[in-house]
Amino acid sequence: MMNPFLQVAIGGAFGSFARYSVGRLVGASGFPVATLIVNVAGSFAMGLLAAALAHRWGNAYAPLLLTGVLGGFTTFSAFSLDTLTLWEQGQAVAAAGYVAASVGLSLAAVVGGLALGRGIFA
């Protein structure tokens, strides 16, 4: 079994690469769409993989997949900066909408991922 620290490092490299790729594919706009997409998709994947690991594969690959890949992929720090940037630009309504959408959709996505994963892997 691979060392958990090495798993996190390798997974983080893949997750960060994927995060950067989404940003490049979506492109820049006045609203942080790429960060929103990454956080919602990452939340769904977190739920799905948590169910898969718990019911089928054990937690041996949790450091690689959950902490590494998804930790590198999802972007709470970028979310925080994007929110502050919108606020400082005088876009208080957009900032509040972004927070509500990010948190609400990400929570819904992790619930959906867990439900799907439990249905598949349990």
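1. A patch, as the word is used here, is made of residues with over 30% relative accessible area and no salt bridge, and nonpolar side chains are joined into one within 5 Å. In this predicted model, M1, M2, L6, I10, F14 and Y61 form such a nonpolar patch on the surface. Together these residues have about 640 Å² of accessible area.

2. One member of the patch can be placed in an element. F14 lies in helix α1, which covers residues 4-26. Its relative accessibility is 56%, and the cut-off for exposed is over 50%, so F14 counts as exposed.

3. On the overall fold: the protein chain has five helices and zero strands. Read from the N terminus, the order of elements is α-α-α-α-α. The C-alpha atoms fill a box of roughly 50 × 30 × 20 Å along the principal axes.

4. On surface and burial: the accessible surface of the protein chain is about 6900 Å². Carbon and sulfur atoms hold 73% of that surface. The chain has 122 residues, and 32% of them count as buried.

5. On contacts: among those in the protein chain with a separation of 6 or more, 73% are between residues 24 or more positions apart. The points below give particular cases.

6. The structure holds four aromatic pairs. One of them joins F31 and Y98: the ring centres are 5.3 Å apart and the planes stand at 80°, so this pair is edge-to-face. F31 is in the loop between α1 and α2, while Y98 is in helix α5 (residues 92-121), so the pair ties together parts that are 67 residues apart in sequence. The two partners can also be described by accessibility: F31 is partly exposed, with a relative accessible area of 29%, whereas Y98 counts as buried at 0% relative accessibility.

7. Y98 also pairs with F79. Here the ring centres are 5.4 Å apart and the planes are at 45°, so the pair is tilted. This pair links distant parts of the chain, with F79 in helix α4 (residues 76-88) and Y98 in helix α5, 19 residues apart. Both F79 and Y98 are buried.

8. Which residues do ring pairs link into a cluster? They are F31, F76, F79 and Y98. Two further residues, L86 and N39, have contacts with members of this cluster, as the next points set out.

9. L86 is found in helix α4 and counts as buried, at 2% relative accessibility. Leaving out residues up to four places away in sequence, L86 touches G30, F31, P32, Q91, A94, A95 and Y98. F31 and Y98 are the edge-to-face pair of point 6. The C-alpha atoms of L86 and F31 are separated by 7.9 Å, although these residues are 55 residues apart along the chain.

10. N39 belongs to helix α2. Is N39 buried or exposed? Its relative accessibility is 9%, and buried means under 20%, so N39 counts as buried. Not counting neighbours within four places in sequence, N39 is in contact with T74, T75, F76, F79 and S106. Of these, F76 and F79 belong to the ring cluster of point 8, and F79 is itself buried.

Conventions
Residues numbered from 1 in each chain as written. Predicted model: local features only at pLDDT ≥ 70, side-chain atom pairs only at ≥ 80, totals over all residues. Heavy atoms only, no water. Helix = DSSP H or I, 4+ residues; strand = E, 2+ residues; numbered from the N terminus. Buried < 20%, exposed > 50% of the residue type's maximum accessible area, 1.4 Å probe, protein only. Contact = heavy atoms within 4.5 Å. Areas by Shrake-Rupley, 256 points an atom, 1.4 Å probe, with all protein chains shown as cover. Patch = residues over 30% accessible without salt bridge, like charges linked within 9 Å, V, L, I, M, F, W, Y side chains within 5 Å. Salt bridge = Lys/Arg side-chain N within 4 Å of Asp/Glu carboxyl O. Phe/Tyr/Trp six-rings, centres within 6.5 Å; stacked < 30°, edge-to-face > 60°.
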